[in-house]
Amino acid sequence: MSVRDVTTVVIGAGQAGLSMSRELSARNIDHLVLEKGSIGHAWRTARWDSLRLLTPNWANGLPSAPYWGPNPHGFMAVSELLERFDRYAQLIAAPLETGVTVEAVARRDAGFSLQTSRGPVRCRMLVVASGGCAQPVVPALASALPTRLVQTTPDRYKRPADLPDGGVLVVGASASGVQIARELQASGRPVTLAVGNHLRLPRSYRGRDIEWWLDAIGALDERFDAVDDLTRARRTPSPQLIGGPHSVDLAALKEAGVEIVGRLAAVRDGLALFSGGLAHLSAAADLKLTRLCDRIDAWIAERGSGAIHTPPDRPAPTPVPTAPRLQLNLGSGEIASVVWATGFRPDHGFLRDLPAFDPRGRLAHHGGIVPTVPGLYALGLPFMRRRRSLQISGAGPDAREIADHLEQHLRQRAAA
């Protein structure tokens with residue numbers, strides 16, 4: 001089989017990969033975008049049916065293609081987002097091949113050799129834009145659960161009817177966990193939500209969507225090289241938001257009938273044991289929310305624009321049960337299924353032969369640039385270059401800066 005040669009390969013055709021393609025085309029850098037499925041593969045296959053984007057429509061534009069629909073303050077369904085991706089790929093004439101899996105990458109001369117499901121490809125530069133949420137993280141204690149329980153993760157969960165009748169234990173209270181817990185409770189199933197570290201945000205504050213405020217005060221554009229603890233910042237949980245006008249924090253879930261318990265600490269002899277630190281976790285989340293509201297209020301005061309905004313309407317502190325349940329008998333029949341909403345990680349297994357990882361097995365990059373492997377770049381990772389890196393609106397700015405570095409690197413090689 002003949003080997004194809006191209007200057008740059010981009011792996012992944014979601015918002016990051018398509019944005020990168022547009023930037024490379026603007027610089028006349030020949031490239032190839034490889035996607036293992038269809039455009040927006042993860043959005044298409046690893047999301048539940050009712051999901052709507054957490055960000056308002058106005059915030060979901062791509063480079064040179066802002067939102068142009070009739071409902072800027074609504075929240076689009078995934079199907080609409082995919083339609084937009086398809087149109088965008090046509091608009092920018094992306095050199096795209098779908099249904100191509102990259103199996104392994106090796107160094108070759110001054111570039112890379114890729115083994116793919118359609119044969120070998122050689123390139124000088126490689127951009128990994130396969131996203132930061134490719135694989136669900138499931139704790140080891142999942143293996144201690146009774147075998148009769150149905151276990152699933154947010155990427156495999158589609159709808160309540162897919163789960164057996166009976167109670168559900170949802171583990172994890174970030175965006176996926178609270179949304180799925182809300183949907184399951186509304187379907188008539190008793191739901192217990194095990195809460196760990198979480199980020200509480202109001203859907204709106206002082207008459208504006210919280211995303212509007214985060215954008216206005218510059219929080220989303222805080223850069224990776226300007227924070228004190230970048231590792232911690234990159235591990236910040238996704239916010240407790242839902243794609244709609246309502247809040248979905250612990251208070252709202254408790255009012256809807258969801259039982260709130262502490263972090264799942266262990267499973268022993270069929271008993272799920274929960275931490276007694278629920279009050280502490282909730283207080284920490286409330287404190288961060290208060291600090292954000294303080295920052296918004298200060299921004300308003302500095303500009304003298306208080307008259308055009310509604311008065312402060314801060315959410316009340318999280319109502320914590322006086323004596324939350326500390327254990328749950330998983331063998332009693334009360335619980336029929338468990339949803340592990342315990343986070344995601346990227347899948348960079350195809351880079352295994354490159355010296356690109358830190359001692360913990362994570363891609364060792366500096367703002368998307370991998371210093372140990374010149375010519376290797378990443379896109380679409382948490383807080384990659386700015387706080388909005390994982391959002392659709394963050395793909396364009398990140399791609400532009402990475403493309404600038406890539407172009408400069410190519411020129412330096414040519415000069416050498």
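Which residue in S16 is the bridge partner of Leu271? In this predicted model, that partner is Asn329. The briefing below places this pairing within its sheet and then turns to a second sheet, the aromatic residues, the charges over rings and the cysteines.

**The antiparallel sheet**

- Strands S14, S15 and S16 form an open sheet of three strands in that order, and their pairing is antiparallel.
- The edges of this sheet are strand S14, covering residues 264–268, and strand S16, covering residues 327–329, each of which pairs on one side only.
- On average, neighbouring strands of this sheet are turned by 20° against each other, with direction ignored.
- Strand S15 spans residues 271–274 and is joined to S16 by three bridges, the two strands running antiparallel.
- The bridge between Leu271 and Asn329 in S16 is the one named in the opening question.

**The parallel sheet and helix H4**

- Another open sheet has five strands in the order S8-S17-S9-S10-S13, with parallel pairing.
- Its edge strands are S8 (150–152) and S13 (259–261), and each of these pairs on one side only.
- From one strand to the next, the twist of this sheet averages 20°.
- Strand S17, made up of residues 335–340, pairs with S8 in the parallel sense over three bridges.
- Within S17, Val339 stands opposite Thr152.
- Helix H4 (residues 175–186) packs on this sheet and touches three of its strands, namely S9 (167–171), S10 (191–194) and S17.
- The direction of helix H4 makes about 170° with that of S10.

**Aromatic pairs**

- Three aromatic pairs are found in a search of the whole structure.
- One of them joins Trp212 and Trp213 in an edge-to-face arrangement, with 4.9 Å from centre to centre and 90° between the planes.
- Trp212 is partly exposed, its relative accessible area being 25%.
- Trp213, by contrast, has 0% relative accessibility and therefore counts as buried.
- Trp213 also pairs with Trp299: the ring centres are 5.9 Å apart and the planes stand at 80°, so this pair is edge-to-face.
- This pair links distant parts of the chain, since Trp213 belongs to helix H5 (residues 210–216) and Trp299 to helix H8 (residues 278–303), with their positions 86 residues apart.
- Trp299 counts as buried because its relative accessibility is 17%, which is under the 20% limit for that class.
- Together, Trp212, Trp213 and Trp299 form one aromatic cluster.

**Charges over aromatic rings**

- Arg47 lies over the face of Trp43, at 4.5 Å from the ring centre.
- Arg84 places its charged end over the ring of Trp68, at 4.7 Å from the centre of that ring.

**Cysteines**

- A disulfide is a covalent bond between the sulfur atoms of two cysteines.
- A search of the whole structure finds zero disulfides.
- Cys123 has a relative accessibility of 5% and so counts as buried.
- Cys133, with a relative accessibility of 38%, counts as partly exposed.

How values were computed. Residues are numbered from 1 along each chain as its sequence is written. This is a predicted model: local features need pLDDT of at least 70, side-chain atom pairs count only at pLDDT 80 or more; totals for chains, interfaces and linings use all residues. Side-chain values use heavy atoms; hydrogens and water are left out. Two strands pair if DSSP finds at least two bridges between them. Helices (H or I, at least four residues) and strands (E, at least two) are DSSP runs, numbered from the N terminus. Axes are lines fitted to C-alpha atoms, for helices over the stretch in contact, and angles run from 0 to 180 degrees between N-to-C directions. Rings of Phe, Tyr and Trp (its six-membered ring) pair if their centres lie within 6.5 Å; planes under 30 degrees apart count as stacked, over 60 as edge-to-face and the rest as tilted. Buried means under 20% relative accessible area, exposed over 50%, partly exposed in between (1.4 Å probe, protein chains only). A charge sits over a ring if NZ of Lys or CZ of Arg is within 6 Å of the ring centre and within 35 degrees of the ring normal. Contact means heavy atoms within 4.5 Å. A disulfide is a pair of cysteine sulfur atoms within 2.5 Å.
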